Amino acid sequence: MTSATIGRKWHTTAEVAEMLGFSLSKTKLLVLTGEIRSVKIGRNRRILPAWVDEYVNRCAAEAERWSA
């Protein structure tokens, strides 16, 4: 039997802050305002990798619109 490696399905707010190069407080503000989607699990917020990608793509699209 082969073993499957399970990758991370959720990220913490701190992990997302590090990925984006933002401060933790900036990232928490983006989550609080809904700019980055998240789900509350118990007392913690978790963010899907796809939601981080959505935020980055939205920011890139806005930047392209302003530079055109």
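Contact, as used in this tour, means heavy atoms within 4.5 Å. The structure on screen is a predicted model, and each stop below names a selection and then says what is found there.

**First stop: V31.** Select V31 together with its partners beyond four places in sequence, and the residues that light up should be I36, S38, R45 and I47. Two of these partners, I36 and I47, belong with V31 to the largest nonpolar core, whose 8 residues are V16, L30, V31, I36, I47, W51, V52 and Y55. Helix 2 and helix 3 are the elements that give two or more residues to this core, and helix 3 gives the most, with 3 residues. In soluble globular proteins, nonpolar side chains tend to be buried together.

**Second stop: I36.** Move next to I36, in the loop between helix 2 and strand 1, which counts as buried because its relative accessibility is 1%, where the cut-off for buried is under 20%. With neighbours up to four places away in sequence left aside, I36 is in contact with V16, L20, L30, V31, I47, Y55 and R58. For a distance check, pick the C-alpha atoms of I36 and E54, which are 18 residues apart along the chain and separated by 8.0 Å.

**Third stop: helix 2, at L30 and T27.** L30 is found in helix 2 and is buried, with a relative accessible area of 7%. Its contacts, leaving aside neighbours within four places in sequence, are F22, E35, I36 and Y55. A second distance to draw runs from the C-alpha atom of L30 to that of E64, 34 residues away along the chain, and it comes to 21 Å. T27, also found in helix 2, counts as buried at 0% relative accessibility, and it touches T13, V16, A17 and F22 when residues up to four places away in sequence are not counted.

**Fourth stop: helix 1.** Three of those partners of T27, namely T13, V16 and A17, are the buried residues of helix 1. They cover an arc of only 105° around the axis, which puts them on the same side of helix 1. These buried residues pack against helix 2, strand 2 and helix 3. Step past the end of helix 1 and select G21, which follows the helix and has a positive phi, near 75°.

**Fifth stop: helix 3.** Now select residues 49-67, which form helix 3, a run of 19 residues that reaches 27 Å from its first C-alpha to its last, close to the 27 Å expected at 1.5 Å a residue. Which residues of helix 3 are buried? They are W51, V52 and Y55, and seen down the helix axis they fall within an arc of 110°, so they line one face of helix 3. An α-helix has 3.6 residues a turn, so residues three or four places apart point the same way. The buried residues of helix 3 pack against helix 1 (13-20), helix 2 (24-32), strand 1 (39-41) and strand 2 (44-46). Rotate to the other side of helix 3, where N57, E64, R65 and S67 are exposed.

**Last stop: where helix 1 meets helix 3.** Show both helices together, and they pack at an angle of about 35°, with their axes 12 Å apart, in a crossing that is right-handed. The contact is made by V16, M19 and L20 of helix 1 and by V52, Y55 and V56 of helix 3. Among these, V16, V52 and Y55 also belong to the largest nonpolar core.

Notes: Residues are numbered from 1 along each chain as its sequence is written. This is a predicted model: local features need pLDDT of at least 70, side-chain atom pairs count only at pLDDT 80 or more; totals for chains, interfaces and linings use all residues. Side-chain values use heavy atoms; hydrogens and water are left out. Helices (H or I, at least four residues) and strands (E, at least two) are DSSP runs, numbered from the N terminus. The expected span of a helix is 1.5 Å times one less than its number of residues. Buried means under 20% relative accessible area, exposed over 50%, partly exposed in between (1.4 Å probe, protein chains only). The arc is that of the directions from the helix axis to the C-beta atoms. A nonpolar core is a set of buried Ala, Val, Leu, Ile, Met, Phe, Trp, Tyr and Cys residues joined through side-chain atoms within 4.5 Å. Axes are lines fitted to C-alpha atoms, for helices over the stretch in contact, and angles run from 0 to 180 degrees between N-to-C directions. A crossing is left-handed if the near helix is turned anticlockwise from the far one by less than a right angle, and right-handed if clockwise.
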